[in-house]
Every structure is written in C-alpha cells, then in structure tokens.
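Good morning, and thank you for joining this group meeting. Please have the sequence and the model open before you as I speak.

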Protein chains: 2
Amino acid sequence: MSTTDPLFDTDFMKEMLRQVRALDSYGVYDGKSAEQLLAPYVLSKEARAAIPILGDPDAVTLSRVRAFYNAIAVLVEKECGQMAVPLVHLSHEGFGRVLITVGKLVVLDRALRDAHRFGFESFSKMKTEADKQLGLAIEIVGRYAEVAGL
Amino acid sequence: MSTTDPLFDTDFMKEMLRQVRALDSYGVYDGKSAEQLLAPYVLSKEARAAIPILGDPDAVTLSRVRAFYNAIAVLVEKECGQMAVPLVHLSHEGFGRVLITVGKLVVLDRALRDAHRFGFESFSKMKTEADKQLGLAIEIVGRYAEVAGL
C-alpha cells in the first residue's frame, strides 16, 4: 500500500480507501495499492464517453457513487461533531439525487445524472470536488447550527 | 366515483386519489370508486401479519408507499407555498427512509420498516397520520423559514 503521492495521506483519500475496502467482503483487494483501489474513480473524457448510459447503472458503479458520498458524510461528521446521514437515491437510468443531512438540515443536495459515468479526471480533481462539497456543508452547518442540532 | 363518506372530500384524500390515479397508465382504474382505489391502503392487523416480509417489496407496494408521501409533500407545498420534494428510499428487505425537504430544511424524516406491510387500520387512521405529519412539517417550515427558503 505504499504510494508516493502525498494526496493519499489526506483525510479524504484515506476515508475513500476505507470506504472502498469496506466493500471488499472476500479480501480480493488485499495487497492492492491505494492507487489501484481508487483507480476506477479516474476516468478520462474519452473513457467516460465510451461508457454506455443505457439502463440502470450496475451495482459496482452504484457502490462507487455511494462510497464517494459516504466519505464526504464521514468528514462532515468529523468536522462538525454531529451525525451526517448520506442518502444516494438512483431512480432510473442513472438519474437520481444525493442528500446528506445533519439533524434537520440538508447540507448537501445534488442531482445525479449519468451515474454510469461517475468519475473524475484525476485523483486531485476528485479531492478538490470533495473538499468543495465538504466546505459548503460545514459552512451551512455553522450558519444554521440550531437546525443541524435538531 | 360517488362515495358517501365525507372523509373522501378532504384535501388529503383527494390528493391520494390523484396520486393513485396517476399510476394508472392503462385506464384499468376507470370507473372505480375512491374507496375501491384506496382499498389497498387499509390492512387489518391480521391482513398485515399475513403478508410475508421476505425479500424486497414489489413495485406495486413501493408505488403505494410513494403515493402516500407524495400526497403529503403536495399538501406541504400547498400550505407553505414552496416546493416540497419527497424522497422514498428503500434499501433492502423493506427497510428504508423517507424524506421530504423544503429548501434546505428536512420537514419529514422517517425510517421505513416492513414496507411490504405498508397500510393503515382504516381510512380515518390514514388521514389522521397524514395530518399529523403535515402539521409537523408546516410547523417546522414556519419556525425555520429562512432555511426552508434556501
């Protein structure tokens, strides 16, 4: 699991790894590096375009989307000290909605489209996106602490 | 569609009917009375107990649960004049979570268990339950209007 990129030492990437490893009931990921385990999250524009968006995304793709938002929820929880509950809801054909709630406050609310193609151009872009979402979530918790505490 | 029970003239029951009729793409409900259309929502204790809770609830049961919370969301929207978004999420084996959000405010948040057996002892109990949820939702929108307006 030795990786040289300091990106993998950040809280977010560590949590992502934890989430992905938690999906590995049969130990098939044992001995793989962080980069190998998170590789499916990195999709070039060409690779994305090549993924068909017909029908519902498969279970593996879905668990990848879940792991990403679960990781964000865990970090929200760590920063604000209150339970953050993620909800990834795919309705059909890769459309859906992601929510993270803290108390009665919605701290993240995003529409999902083309979930089949869920991915980022690089690990760095993935982390930037997660940090942005985390920052917005923490800000709103701070602003409406009473609602978040309900 | 002539029914004598004044219960069916209430906003909630009218909206329930609208929701259930909206599911009827092929017109098989045409000519049925309100009582007939909403009959699947009434389950005696014995009838509930007789429904097996193995595996995931079927699509018909799910759409019944959805219609109920959609109706509540519509009434929330009518009363507070802001969009109320329902989200019925079943994870597995009848477990799940229902959320209704207005802006960034969670106005209804319930755990679902044994969704296979979703139903009420009578129409009157169904309406009482819906009114209770609606009341709580409107109250919290009033209390945290700023968050609901986000």
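**Charged pairs, aromatic rings and two copies**

Lys127(A) has a relative accessibility of 14%, so this residue counts as buried. I should say at once that we are looking at a predicted model. The cut-off behind that statement is that buried means under 20% relative accessible area.

Let us stay with this lysine and turn to its partner. The side chain of Lys127(A) forms a salt bridge with that of Asp131(A), at 2.5 Å from N to O. Asp131(A) has a relative accessibility of 35% and therefore counts as partly exposed. Why are these two residues separated by about one helical turn? Lys127(A) and Asp131(A) are four residues apart in helix H5 of chain A, and that spacing is why about one helical turn lies between them.

A second salt bridge joins the side chains of Glu121(A) and Lys125(A), with 3.7 Å from N to O. Here Glu121(A) is partly exposed, at a relative accessible area of 49%. Lys125(A) is likewise partly exposed, and its value is 47%.

The third example takes us to helix H1 of chain A, which spans residues 11-22 and contains Glu15(A). Is Glu15(A) buried or exposed? With a relative accessible area of 4%, Glu15(A) is buried. Leaving aside residues up to four places away in sequence, Glu15(A) touches Ala71(A), Val74(A), Leu75(A) and Lys78(A). The side chain of Glu15(A) also meets that of Arg18(A) in a salt bridge, 2.6 Å from N to O. Since Glu15(A) and Arg18(A) stand three residues apart in helix H1 of chain A, about one helical turn separates them. Arg18(A), for its part, is partly exposed, with a relative accessible area of 48%.

How many salt bridges are there over all chains? The count comes to twelve. Across the interface of chain B and chain A, however, zero salt bridges are found.

I now move to the aromatic rings. A pair of aromatic rings is described by two quantities, the distance of the centres and the angle of the planes. Searching the whole structure gives 16 aromatic pairs over all chains. In one of these, the ring centres of Tyr41(A) and Phe118(A) are 6.4 Å apart and the planes stand at 80 degrees, so the pair is edge-to-face. The step from angle to name rests on a cut-off: planes over 60 degrees apart count as edge-to-face.

Where do the two partners sit along the chain? Tyr41(A) is in the loop between helix H2 (34-38) and helix H3 (45-50) of chain A. Phe118(A) is in the loop between strand S3 (105-112) and helix H5 (123-143) of chain A. The pair thus links distant parts of the chain, 77 residues apart. Tyr41(A) counts as buried, at 1% relative accessibility, and Phe118(A) also counts as buried, at 10%.

In chain B, the rings of Phe118(B) and Phe120(B) have their centres 5.4 Å apart and their planes at 85 degrees, so this pair is edge-to-face. Phe118(B) counts as buried at 11% relative accessibility, and Phe120(B) counts as buried at 11%.

Returning to chain A, we can place its pair in a wider setting. Ring pairs link Phe12(A), Tyr41(A), Phe68(A), Tyr69(A), Phe118(A) and Phe120(A) into a cluster.

A brief word on the cysteines. A disulfide is a covalent bond between the sulfur atoms of two cysteines. The search of the whole structure finds zero disulfides over all chains. Cys80(A) counts as partly exposed at 23% relative accessibility, and Cys80(B) is partly exposed at 21%.

Finally, let us consider how the two chains are arranged. Two copies of a chain are related by a rotation about an axis and a shift along it. In this model, a rotation of 180 degrees with 0.0 Å of shift along its axis superposes chain B on chain A, with an RMSD of 0.0 Å. The two copies are therefore related as by a two-fold rotation axis. Within chain B, the C-alpha nearest the axis belongs to Leu105(B), at 2.6 Å from it.

At the interface, 18 residues of chain B contact 18 residues of chain A. Of the interface residues of chain B, 100% are also interface residues in chain A, so the copies meet through the same surface. About 1600 Å² is buried between chain B and chain A, and carbon and sulfur atoms give 64% of that area.

Definitions and conventions: Residues are numbered from 1 along each chain as its sequence is written. Chains are lettered from A and ligands numbered from 1 in the order in which they are written. This is a predicted model: local features need pLDDT of at least 70, side-chain atom pairs count only at pLDDT 80 or more; totals for chains, interfaces and linings use all residues. Side-chain values use heavy atoms; hydrogens and water are left out. Rings of Phe, Tyr and Trp (its six-membered ring) pair if their centres lie within 6.5 Å; planes under 30 degrees apart count as stacked, over 60 as edge-to-face and the rest as tilted. Buried means under 20% relative accessible area, exposed over 50%, partly exposed in between (1.4 Å probe, protein chains only). A disulfide is a pair of cysteine sulfur atoms within 2.5 Å. Contact means heavy atoms within 4.5 Å. Copies are superposed by least squares on the C-alpha atoms of residues with pLDDT of at least 70 in both. Buried area is the accessible area (1.4 Å probe) that two parts lose on being put together, summed over both. A salt bridge is a side-chain nitrogen of Lys or Arg within 4 Å of a carboxyl oxygen of Asp or Glu.
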